[in-house]
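Visitor: Hey, can you walk me through this one? I'm new to this stuff.
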Amino acid sequence: MSSARPVVVYPPDEDGGRRVRIDGIISGRAFSVRDVAAFMQVAGRQEFDEMDVVRTDLIEWRGGGPDQWAPGSGATGG
């Protein structure tokens, strides 16, 4: 089942990195909201900054929201 949102941020891994998928393509691992914003900019959303990442409805956060970067610190699911 695909996400209705074009961006998915997966739960933190053992190193605190979170895979980021934009429009069905894995963009890389993010270690902060700043990293997610950079991936968004590379994907063509140059206006995105950290506050946009936190507030947008374009992102589906799995395993915790934008403040969760440690493994096991977020909600389950995804």
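Guide: Sure, one term to begin with: a salt bridge is a side-chain nitrogen of Lys or Arg within 4 Å of a carboxyl oxygen of Asp or Glu. This is a predicted model, where local features need pLDDT of at least 70 and side-chain atom pairs count only at pLDDT 80 or more, while totals for chains, interfaces and linings use all residues. Residues are numbered from 1 along each chain as its sequence is written, and side-chain values use heavy atoms, with hydrogens and water left out.

Visitor: OK, how many salt bridges are found in the whole structure?
Guide: Four. In one of them, Asp15 meets Arg29 at 3.7 Å, N to O. Asp15 lies in the loop between β1 and β2 and Arg29 in strand β3, so the pair ties together parts 14 residues apart in sequence. Strands here are DSSP runs (E, at least two residues), numbered from the N terminus.

Visitor: What else is linked in a network with Asp15 and Arg29?
Guide: Asp13. The side chains of Asp13 and Arg29 meet at 3.0 Å, N to O.

Visitor: Is Asp15 buried or exposed?
Guide: Exposed, at 54% relative accessibility. The cut-offs are under 20% relative accessible area for buried, over 50% for exposed and partly exposed in between (1.4 Å probe, protein chains only). Arg29, at 37%, counts as partly exposed.

Visitor: New topic: which residues meet in a salt bridge at 2.8 Å?
Guide: Glu60 and Arg62. Both are buried.

Notes:
Helices (H or I, at least four residues) and strands (E, at least two) are DSSP runs, numbered from the N terminus.
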